[in-house]
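Trainee: Could you take me through one part of this model up close? I'd like to hear about the salt bridges, and whatever sits around them.

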Amino acid sequence: MVKLNKIYTKTGDDGTTGLVDGSRIAKNDPRMAAIGDVDELNSAIGVAICSVAEKPLVAKLRIIQNDLFDLGADLATPADEGDNFEPSEMILRITASQVERLESDIDEANDQLEPLTSFILPGGKDDAAAIHLARAICRRTERTAVTASQSVAINPQALAYINRLSDYLFVLGRLLNDGGKADILWVPGASR
């Protein structure tokens, strides 16, 4: 259990922040950019939840929010010497089962949708639009995590999770748009 008695520590006043192992890195390090994007994504999902009326979908999104805290902890925990990303009681890692749960949720949602006949514009109903915004933030999160992985070892399951999450948010946005009926289709060159 995490217990926070004091919110400010002044240790970051020099432009650095601590990782789980106690090491310090610059706040603008690519790893920290990825962690910050995960936090923004989690916040965007929190805003989206405020518009989602279906309790089962809210429950799934709350699980994802919890996973995103796990993901942030995973990204903030350097790999061991052998680039081992096995979780333990003291080390949080995104696991294959979390990725597989998202894949199952994608398939379940997609089975309720008609195939796309065009790309869709982000929008439609309020809850769907909020989910589409979260999806776009998720795509950025994936890019920053991949950038970080070019300089430090990042858990491959973490990268897979972010990729699947953007897919899930896409199909969820369509599902919330009356099963795709309220999707706004892209019409190439329509404003020429």
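Mentor: Here is a walk through the salt bridges, followed by a few spots around them.

Keep in mind that this is a predicted model. Its salt bridges number 11, and I'll pick out some of them.

Start with Asp-67 and Arg-101, whose closest N and O atoms are 2.3 Å apart. Asp-67 belongs to helix H2 (residues 55-75) and Arg-101 to helix H3 (residues 96-110), so this pair ties together parts that are 34 residues apart in sequence. How buried or exposed are the two ends? Asp-67 has a relative accessible area of 4%, so it is buried. Arg-101 comes out at 25% and therefore counts as partly exposed.

Now compare that with a pair inside one helix. Glu-142 and Arg-139 form a salt bridge with their closest N and O atoms 3.3 Å apart. Both sit in helix H4 (residues 126-149), three residues apart, which means that about one helical turn separates them. The background here is that an α-helix has 3.6 residues a turn, so residues three or four places apart point the same way. Glu-142, at 18% relative accessibility, counts as buried because the cut-off is under 20%. Arg-139 is partly exposed, with 30%.

Next, the side chains of Arg-174 and Asp-183 meet in a salt bridge, at 2.6 Å from N to O. Here Arg-174 and Asp-183 are both buried. There is also a network: Asp-37, Glu-40 and Arg-140 are joined into one by salt bridges that share partners.

While we're at it, look at helix H1 (residues 30-49). With 20 residues at 1.5 Å a residue, H1 should span 28 Å, and its end C-alpha atoms are 29 Å apart, which agrees. At the start of H1, Asp-29 puts a side-chain oxygen within 2.8 Å of the backbone nitrogen of Arg-31.

Then go to the loop between helix H5 (156-176) and strand E4 (184-185), where you'll find Lys-181. Lys-181 is exposed, at a relative accessible area of 74%. Its C-alpha atom is 8.9 Å from that of Glu-114, although the two residues are 67 apart along the chain.

Strand E4 itself holds Ile-184, which is partly exposed at 38% relative accessible area. Ile-184 joins Phe-119, Leu-121 and Trp-186 in making a nonpolar surface patch of about 410 Å².

Technical notes
Residues are numbered from 1 along each chain as its sequence is written. This is a predicted model: local features need pLDDT of at least 70, side-chain atom pairs count only at pLDDT 80 or more; totals for chains, interfaces and linings use all residues. Side-chain values use heavy atoms; hydrogens and water are left out. Helices (H or I, at least four residues) and strands (E, at least two) are DSSP runs, numbered from the N terminus. The expected span of a helix is 1.5 Å times one less than its number of residues. A polar contact is a pair of N or O atoms within 3.5 Å; within protein, one must be able to donate a hydrogen and the other to accept it, and residues adjacent in sequence count only if both atoms are side-chain atoms. Buried means under 20% relative accessible area, exposed over 50%, partly exposed in between (1.4 Å probe, protein chains only). Patches are made of residues with over 30% relative accessible area and no salt bridge: like charges are joined within 9 Å, nonpolar side chains (Val, Leu, Ile, Met, Phe, Trp, Tyr) within 5 Å. Accessible areas come from the Shrake-Rupley method with a 1.4 Å probe; for residues, only the protein chains shown count as cover. A salt bridge is a side-chain nitrogen of Lys or Arg within 4 Å of a carboxyl oxygen of Asp or Glu.
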